[in-house]
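Got your viewer open? Load the model, and let's take a walk through it together, one selection at a time.

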Amino acid sequence: MIKRDCLTTEAALWSRDTGSKVLKQSTESELASKAVAYTMASGSTEPEPAGMLVPKRNCTSAVWEYFGFKRDDVAQSQVLCKTCLGRVSTSRGNTTNLYQHLKTQHKTEYDRCMAKKSSSVQNKPSNVTRQGSLTELFEGVTPYERTSKRHVEITKAVTHCIAKDMMPVNTVTKPGFNNLVTTLDKRYRMPSRTYFSQTAIPELHMQCRRRVAAELKAVEFFAATTDMWSSRTAEPYQSLTVHYITEDLHLEARSLQTAYFPEDHTGENIAAGLREGLACWDLPEDNLVCITTDNASNMVKAAQLNEWTRLQCFGHRLHLAIENAIKDGRVSRAIGLCKKLVGHFSHSWKKKAALTEAQKELKLPEHSLITECPTRWGSKEKMIARVLEQMKAISQVLTGDRHARSLIPTWQDAEVLESIHKALHPLSEFTDALSGEEYVSISYLKPVLHLLATSVLAEDAADTDLTRSIKTKVLAYLNDKYSDLNTQELLDVASFMDPRFKTQYISADNLPAIKARLKTEMVESARRTHNQEKRSRTETAQNSPSAQASGGKAKKTLGSLFKTSAASSALPLPLEDVVEAELNSYLLTPVIDGEDDPLAWWKVHNIHFPRLCKMARKYLCVPATSAPSERLFSTGGNIVTCTRSSLKPAKVDMLVFLAKNL
């Protein structure tokens, strides 16, 4: 082994006695001017130039620029300073001693290192995040247990989303939907499509069905609507909805069924299907106030066979009245021309683009033409109104086309369309207003019929002969169809129970009969309620612990003795007189504004008119149109699409029920 003499006694010496390799250093000024003598573990004593030191592998700290390792130090276990070639003791990856060495021995290099460190922190990319803790990393990759609370909550939410929004069950297999759920919660693992179809959705259906059944159990009076429908796959269905007013005076609507109906659509079969539908929900037929249907003969017969009060749908009846009134050669030609116009622009994108340019040039509303749908109320009038609105733009587009020039309406056609529009436009607003199911609508029928006769369909001096003819025919048709005595009485009672109208639209000849009917029903209802309360009190007294301890005889209290004495001295008023007084008091209250909610008024005045309020809950729940059943079939059409045409009828019923009742 070669040994080198030290140039000074203050030079760095390595001690081998303890094996700890402790460095004894001289002053910085002398070490900077002299070569450092050191001895490697291998025994070599040749000094290594600073430029030949190897940098640390996989390092990120700026301080490692000032330290390195000897080439033959493969393990990189002995850290050497590039400035003084001195060895610095440090553990693997720890830079505290390195910073301390620069700070105490090389002040200039230390300042430069700290400046680099601060600049690197400021220029650090924003997407670089801190390293997560072990717990966080564990939580991020470990999926929830299937029985865990969080997994169950998310699964229920996904099931509710599929059912309420009428989404296909295979949505849970779509990459986009799974990416959304994973982004929201990385630990959730989506169950299979089969699980949602055969387990999750049926369980949600049973829960919703139990909830609806519990609500209907507390219902005293209810109304219904029904209709027949064929799906995209030509499978026939029968709908049934119920409508009722709760004790806290809220109007509620529930879809009971969209039942598969493969039998012939005869009145007998429909009547049996409706009775079965009510029986499935334990709804007594005696509590059915009225059923609203369209005017098909089988529906009329079904209501007659079941001996149910039936109300004809105002929307269907008005639609038929309009169709009957426009049976005229001039009208047929003008409407046929409108249909051809709409079809011409609907099948040519070039004509659509030209129409848009003409609308911009003429500063007309950029509206598309509307196609008539024979089964959609008011669609014919909307088509005519849109053609009249865009008449100038249509003429400008078609003038230059010699093949389509004949589609431009003549001045005679324009006059006919104007006459039709003037007669029919006000009627569409009534249809839309009476088709709601979230507010009281039946009490509007009598005022609407009166308004049609006295204002909307009344003859005007400015009307053309065609307009006057259409108005007369529509009004005569409606008066004839609503002349039935049972229908008139039902509408009179409903109008009487609405604090916005009361007796305003009831004939003076019919008013005594309406009051007598209400008195009779109020007395019967009060007696029935009294008997039920008496029977309930008796059962409660017999089952009480004090009654059982005394052998079934309840012990009289001191207050009961005074109560008996007071009752014997002051005879109560007859129930008929109480009902008469309540009815007269109601008629003396002022009529409320037409925009106010009648149920809100009854909620406030229920304490003053308790028996009459029950009659309001009975009659004001009847819908004026069968639109709730029509909406049920629209929901069914959104479920039985061309991509879901293989759905079984039982599954269709389940999905429609969930979509409407969730």
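Keep in mind that this is a predicted model. Start by selecting Asp-111: at 40% relative accessibility, this residue counts as partly exposed. Now add Lys-107, which is partly exposed too, with a relative accessibility of 48%. The two form a salt bridge, and their closest N and O atoms are 3.9 Å apart. Asp-111 and Lys-107 sit 4 residues apart in helix α3 (residues 107-122), so about one helical turn separates them. There's a general rule behind that: an α-helix has 3.6 residues a turn, so residues three or four places apart point the same way.

**Zoom out for a moment**

Show the whole chain as a cartoon. You're looking at 26 helices and 10 strands. The chain has 662 residues, and 42% of them count as buried. If you draw the contacts between residues at least 6 apart in sequence, 65% of them join residues at least 24 apart.

**More salt bridges**

How many salt bridges does a search of the whole structure find? There are 28, and we'll stop at a few more of them.

Select Arg-468 and Asp-465. Their side chains meet in a salt bridge, at 3.1 Å from N to O. Both belong to helix α17, and because they are 3 residues apart there, about one helical turn lies between them. Arg-468 is partly exposed, with a relative accessible area of 22%, while Asp-465 counts as exposed at 62% relative accessibility.

Next, pick Glu-582 and Arg-611, whose side chains meet in a salt bridge at 3.0 Å, N to O. This pair links distant parts of the chain: Glu-582 is in helix α22 (residues 575-588) and Arg-611 is in helix α24 (residues 610-619), 29 residues apart. Is Glu-582 buried or exposed? Its relative accessibility is 7%, so Glu-582 counts as buried. Arg-611 is partly exposed, with a relative accessible area of 28%.

Then select Arg-211, Glu-215, Glu-252 and Arg-254 together. Salt bridges with shared partners join these four into one network.

**Along helix α15**

Now colour residues 411-434, which make up helix α15. Want to check its length? At 1.5 Å a residue, its 24 residues should span 34 Å, and the end C-alpha atoms are 36 Å apart, which agrees. Follow the helix to Leu-424 and you'll find a kink of about 35°, shortly before the proline Pro-426.

Show side chains on α15 and look for the buried ones. Among them are Asp-413, Val-416, Leu-417, Ile-420, Leu-424, Leu-427, Phe-430 and Leu-434. What covers the buried residues of α15? The cover includes α10 (314-325), α11 (329-346), α13 (379-389), α16 (445-456) and α17 (465-481). You've already met α17 as the home of Arg-468 and Asp-465.

Keep α15 on screen and bring up α11. The axes of these two helices come within 9 Å and cross at roughly 100°. That makes α11 roughly perpendicular to α15. To see where they touch, select Arg-330, Val-331, Arg-333, Ala-334, Ile-335, Leu-337 and Cys-338 in α11, which meet Asp-413, Val-416, Leu-417 and Ile-420 in α15.

**A stop at Asn-306**

Select Asn-306, in helix α9 (residues 297-306). Asn-306 is buried, with a relative accessible area of 8%. Leaving out residues up to four places away in sequence, Asn-306 touches Ala-271, Leu-274, Arg-275 and Glu-285.

**Two loops to finish**

Head for the loop between β4 (79-81) and β5 (87-88), where you'll find Gly-86. Gly-86 is buried, at a relative accessible area of 5%. Draw a distance from its C-alpha to that of His-101: the two are 9.7 Å apart in space and 15 residues apart in sequence. Leu-85 lies in the loop between β4 and β5 as well. Check its backbone angles: Leu-85 has a positive phi of about 55°, although it is not a glycine.

For the last selection, go to Asp-282, in the loop between α8 (267-280) and β9 (288-293). Asp-282 has a phi near 55°, a positive value in a residue other than glycine. At 70% relative accessibility, Asp-282 counts as exposed.

Notes. Residues are numbered from 1 along each chain as its sequence is written. This is a predicted model: local features need pLDDT of at least 70, side-chain atom pairs count only at pLDDT 80 or more; totals for chains, interfaces and linings use all residues. Side-chain values use heavy atoms; hydrogens and water are left out. The expected span of a helix is 1.5 Å times one less than its number of residues. The bend at a residue is the angle between axes fitted to the seven residues ending there and the seven starting there. Buried means under 20% relative accessible area, exposed over 50%, partly exposed in between (1.4 Å probe, protein chains only). Contact means heavy atoms within 4.5 Å. Axes are lines fitted to C-alpha atoms, for helices over the stretch in contact, and angles run from 0 to 180 degrees between N-to-C directions. Angles under 35 degrees count as roughly parallel, over 145 as roughly antiparallel, 65 to 115 as roughly perpendicular and the rest as oblique.
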